[in-house]
There are 2 protein chains.
Amino acid sequence: MKLKAVRMGIDTHQEYVVYLRADSAVSRAEGLDASARVMIADGKRHVIATLNVVDPGILSADHIGFSNVLWDDLDPVDSVTVTHAPVVESMSAVRGKIYNRDFTAGDIEAVIGDIARGYYSDLQIAAFLTASAGGRLNRDEVGYLTRAMVEVGDTLDWPGIDCIYDKHCVGGLPGNRTTPIVVAIASAAGLVMPKTSSRAITSPAGTADTMETLTQVELDIDRIRLAVENAGACMAWGGGIKLSPVDDVLIRVERSLDLDSKGQMVASVLSKKMAAGANHVLIDIPVGPTAKVRDLDTARGLHELFNYVADVLGLSVSVVLTDGGQPIGRGIGPALEARDVLAVLRNDENAPADLRDKALELGAHMLALSDAGHYDQAWCRAHEILSSGRAWHQFQRICEAQGGQREPGRAPWVHELDAHQSGRVDAIDNRRIARLAKLAGAPRAPTAGLELLVTIGDKVAVGDPLVRIHAESQGELDYAMVYYLNNRDMIHLERSP
Amino acid sequence: MKLKAVRMGIDTHQEYVVYLRADSAVSRAEGLDASARVMIADGKRHVIATLNVVDPGILSADHIGFSNVLWDDLDPVDSVTVTHAPVVESMSAVRGKIYNRDFTAGDIEAVIGDIARGYYSDLQIAAFLTASAGGRLNRDEVGYLTRAMVEVGDTLDWPGIDCIYDKHCVGGLPGNRTTPIVVAIASAAGLVMPKTSSRAITSPAGTADTMETLTQVELDIDRIRLAVENAGACMAWGGGIKLSPVDDVLIRVERSLDLDSKGQMVASVLSKKMAAGANHVLIDIPVGPTAKVRDLDTARGLHELFNYVADVLGLSVSVVLTDGGQPIGRGIGPALEARDVLAVLRNDENAPADLRDKALELGAHMLALSDAGHYDQAWCRAHEILSSGRAWHQFQRICEAQGGQREPGRAPWVHELDAHQSGRVDAIDNRRIARLAKLAGAPRAPTAGLELLVTIGDKVAVGDPLVRIHAESQGELDYAMVYYLNNRDMIHLERSP
């Protein structure tokens with residue numbers, strides 16, 4: 001029985017949902033109820049979706065509605081058939097894991113393959129993640145997971161180049177935009193860095209959002225190759241190529257469960273890097289009470305796991321634990337962070353010292369990774385490359401190779417918020433600072449966000465400026481200000497005795 | 001900001017979903033994206049729902065669409081407000097469980113309370129169930145869970161009656177309709193049994209479906225009390241009263257994960273019985289390769305857990321392991337099972353012996369539970385009650401008290417399927433037999449289903465009848481026949497040597 005597929009105009013996020021009338025011949029013949037899992041086939045492809053049953057007013061009886069993401073992914077040219085979804089065999093491995101059985105490499109391959117094919121419901125993905133969290137994946141299982149995630153996606157290869165470099169920050173620190181500087185330093189020193197970055201998921205800016213205020217980042221694979229050929233590096237948005245696509249699916253579900261799994265994090269990071277063809281990877285783990293990794297024990301556990309899995313997969317990895325006690329740099333939001341990056345690269349007098357210091361540190365680790373050299377010597381080389389202007393020159397080359405460099409814009413609405421008491425800044429809440437920048441419009445509004453005008457240890461008097469909010473609309477400015485005024489202690493002042 | 005709520009006409013099963021335009025003022029002010037969890041308040045109540053974002057054509061910008069279940073449950077009289085859902089605090093206990101921390105009684109109370117309030121998304125429920133499955137709930141946690149599930153629902157109490165009896169079968173065996181017979185025997189002996197039963201969830205008939213072909217089962221609480229007062233027992237549909245309502249939610253999600261958790265099963269059964277006011281409970285666990293409980297080890301584990309938890313909760317429980325190797329009785333489907341029940345109660349010559357034997361066995365255990373007497377003596381009493389016609393008389397009294405007894409109907413389409421080879425029946429697949437009855441229309445079509453004309457050990461010749469399919473439409477008859485012909489080995493014949 002064939003049904004004509006129509007776009008329902010309903011955004012269910014990433015979940016495939018189809019809409020059928022209860023009285024449609026297919027629902028009745030197949031005995032389909034609401035929330036049943038159904039297989040949709042259009043002759044070329046098939047996917048599994050969740051069924052919602054709709055009233056007659058909404059749809060014709062011989063039509064089937066597709067949620068927006070399903071419509072975009074399946075892109076049906078003709079009518080489709082609808083049947084009961086088959087049992088997803090690999091779920092038996094997930095049930096085995098629930099009963100404390102280890103996954104084999106084959107189990108994980110089957111699970112990840114089925115998730116990639118869209119066979120798992122969000123519920124089933126949640127069960128897989130929950131069964132794997134809490135340290136229940138052993139080190140070898142994390143290795144299998146990483147490899148399986150690489151295998152279901154696209155991969156880049158770089159014929160004729162032995163060493164491909166990449167870096168990654170596990171995140172959670174607003175303003176921590178070191179990547180453009182590190183890439184400029186490392187590639188100025190001759191390291192090949194085809195860097196792909198994500199847009200913000202929960203943060204006020206991702207590296208791709210920031211770079212987009214400076215150059216073009218939506219590059220296809222040919223354009224990426226051309227940039228790397230011309231400049232030895234690129235800084236592209238990774239979403240255009242499907243590197244480790246299951247990772248995005250898992251992250252979405254993990255996020256709605258607020259689950260942090262060490263094994264999942266390592267597999268997520270390493271699979272993206274392997275898929276991009278990297279074999280030398282620097283990993284930045286900021287540690288702080290309001291960062292993603294909250295204590296040194298967790299950080300050390302991650303460090304070890306990264307080393308083990310990288311070793312198994314033949315990657316050379318260098319893990320650096322950094323201070324995650326407060327935001328890095330001054331700007332938070334795509335364009336505001338881009339301004340900080342430019343200031344550091346141009347050796348501006350007012351460039352934020354913490355961003356410069358951290359970029360130099362990571363740049364040095366990157367150079368040391370390339371020749372197994374001494375960190376101090378590598379630091380001196382990085383410092384020379386940055387302060388001589390070679391990094392800035394190299395950054396411009398990369399932007400040219402991506403279609404030209406531009407200056408980031410400025411938000412029309414700016415408001416400064418002052419201290420209403422005196423004291424010493426003794427803590428800054430990364431999470432609420434990020435939320436404030438998002439309420440001001442970042443990253444959707446690229447020039448929106450905030451400038452953080454103090455760091456921990458600063459003494460402030462009543463009326464001293466603490467934060468400058470940037471917004472693209474009056475409404476968003478107001479919204480952010482109300483949040484700030486209700487959460488003044490996101491910048492915590494210790495009163496002088 | 002207020003929005004006018006409208007019924008969307010979309011059946012999302014039990015999940016609360018709201019539909020909002022991306023350009024609605026609320027989405028923009030609150031920064032709401034598809035799949036965000038939002039709180040909906042109408043002045044009197046509030047619930048949490050999942051957001052789907054819709055195209056402008058579907059909804060006005062100042063309206064908010066409700067999925068059918070949300071519309072029915074909230075029944076909004078006026079406009080509603082929409083805000084970001086607060087963090088569900090009790091999820092931190094679930095995350096603790098993932099990290100192998102035990103639940104406290106307070107943790108489980110909070111989780112079950114939040115699920116009852118509709119604060120958990122299906123994803124979060126899946127995480128709770130997965131973290132609790134695989135034997136991860138210890139015996140005390142199962143006790144806390146049972147009690148918490150009772151506390152969030154309605155409860156029945158029976159002032160002036162010390163002992164209230166109930167029975168339960170953990171399921172998985174088609175045709176196993178002993179309850180009406182056991183209730184008749186036990187209440188004829190003076191035991192008070194206010195029995196509430198469910199409709200079929202995945203099976204071709206639940207006790208409520210079968211009883212509905214014989215009398216009225218949709219009784220409100222006053223009607224239940226009246227029946228028990230007049231006849232000492234009732235056999236009502238439990239869905240009209242909200243006994244342990246979270247159980248239904250958990251079962252729905254467990255089912256879509258195909259998860260079987262011992263702890264969850266015990267809490268499910270005992271919470272329903274406690275909520276119904278029972279303090280003496282007989283539990284039937286059929287064991288067989290295609291039953292719900294597949295081996296004796298699992299059955300014994302369940303047995304122990306039932307005993308421990310019942311003890312903690314002050315319930316008197318008797319667990320009976322029974323043969324789940326093949327269906328019980330002849331009919332499978334609401335009316336066909338009712339015919340078997342009537343035949344046994346009326347002492348018909350052709351009544352299925354296995355159903356009669358099993359009902360006597362369970363009836364005897366029930367009587368023994370009431371006076372801690374010897375099983376053999378109890379069996380003799382049960383046998384006397386049944387064969388003398390007292391059970392049949394009592395059954396009629398109960399039906400009268402529920403509004404009168406009627407005869408079950410007959411399906412217009414009947415077709416017999418014969419053996420296409422000779423041999424000895426050596427296995428019958430409960431699951432495929434159930435599926436066959438459902439394809440014929442059961443339980444939606446009350447007279448549909450099948451008669452199983454052989455049992456394990458029977459010798460058949462080519463052309464001997466094996467199964468008689470009953471359907472209410474030609475289409476369903478065809479559908480079932482095709483399935484049977486493709487799955488003849490659901491009745492497995494061992495060829496004679």
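Visitor: What makes β9(B) and β10(B) a parallel pair?

Guide: In this predicted model, five bridges join strand β9 (residues 193-197) of chain B to strand β10 (residues 233-237) of chain B, and the two run parallel. Two strands pair if at least two bridges are found between them, and with five bridges β9(B) and β10(B) meet that condition. One of the contacts along this pairing is that of K195(B), whose bridge partner in β10(B) is M235(B).

Visitor: Why is β9(B) called mostly covered?

Guide: A residue counts as buried if 20 or more other C-beta atoms lie within 10 Å of its own, and five of the five residues of β9(B) are buried. The cover extends to both faces, since M193(B), K195(B) and S197(B) on one side are buried, as are P194(B) and T196(B) on the other.

Visitor: How do you know that β3(B) is largely enclosed by the rest of the structure?

Guide: By the criterion of 20 or more other C-beta atoms within 10 Å, five of the five residues of strand β3 (residues 17-21) of chain B are buried, and the strand is therefore largely enclosed by the rest of the structure. On one face the buried residues are V17(B), Y19(B) and R21(B), and on the other they are V18(B) and L20(B).

Visitor: Which strands does β3(B) pair with, and in which directions do they run?

Guide: Five bridges join β3(B) to β5(B), and these two strands run parallel, with R21(B) standing opposite V54(B) in β5(B). Two bridges join β3(B) to strand β6 (residues 63-66) of chain B, and here the strands run antiparallel; within that pairing, V18(B) has F66(B) as its bridge partner.

Visitor: What joins β5(B) to chain A?

Guide: Strand β2 (residues 10-11) of chain A is joined to β5(B) by two bridges, and the strands run antiparallel. Since at least two bridges are needed for a pair, the two bridges between β2(A) and β5(B) satisfy the condition. D11(A) has V53(B) as its bridge partner in β5(B).

Visitor: How many residues make up the contact of chain B with chain A, and which elements of chain B supply them?

Guide: The contact takes 36 residues from chain B and 36 residues from chain A. On the side of chain B, β2 (10-11), β5 (46-54), α3 (91-98), α5 (122-132) and α10 (245-257) each supply at least two residues, and the largest share, seven residues, comes from α5(B). By class, that side has 18 nonpolar, 13 polar and five charged residues.

Visitor: Why are the two copies described as related by a two-fold rotation axis?

Guide: Chain B is superposed on chain A by a rotation of 179° with 0.1 Å of shift along its axis, at an RMSD of 0.1 Å, and the two copies are thus related as by a two-fold rotation axis. The same surface serves both copies, as 94% of the contact residues of chain B recur in chain A.

Visitor: Why are α7(B) and α13(B) called roughly parallel?

Guide: The axes of helix α7 (residues 179-188) of chain B and helix α13 (residues 334-345) of chain B come within 9 Å and cross at roughly 30°. Angles under 35 degrees count as roughly parallel, and α7(B) and α13(B) are therefore roughly parallel to each other. At their contact, P180(B), I181(B) and A184(B) in α7(B) meet V341(B), V344(B) and L345(B) in α13(B), and by class this contact has six nonpolar, no polar and no charged residues.

Visitor: What makes β13 and β14 of chain A edge strands?

Guide: An open sheet of four strands in chain A has the order β13-β16-β18-β14, with antiparallel pairing. β13 (331-332) and β14 (413-418) of chain A each have a single partner strand, so one side of each is left without a neighbour in the sheet. For β13(A), two bridges lead to strand β16 (residues 449-452) of chain A, where I332(A) has L450(A) as its bridge partner. Helix α17 (residues 430-439) of chain A lies across β13 and β16 of chain A, running at about 135° to β16(A).

Visitor: Which strands stand at the edges of the sheet β17-β15-β19 of chain B?

Guide: The edge strands are β17 (459-460) and β19 (491-494) of chain B, each of which pairs on one side only. Four bridges join strand β15 (residues 423-428) of chain B to β19(B), and the two run antiparallel; A427(B) has H492(B) as its bridge partner in β19(B).

Note on methods:
Residues numbered from 1 in each chain as written. Chains lettered and ligands numbered in written order. Predicted model: local features only at pLDDT ≥ 70, side-chain atom pairs only at ≥ 80, totals over all residues. Contact = placed C-beta atoms within 7 Å. Nonpolar A, V, L, I, M, F, W, Y, C, P; charged D, E, K, R; others polar. Axes fitted to C-alpha atoms, helices over the stretch in contact; angles between N-to-C directions. Parallel < 35°, antiparallel > 145°, perpendicular 65-115°, else oblique. Least-squares fit on C-alpha atoms with pLDDT ≥ 70 in both. Buried ≥ 20, exposed ≤ 12 C-beta atoms within 10 Å, placed from the backbone.
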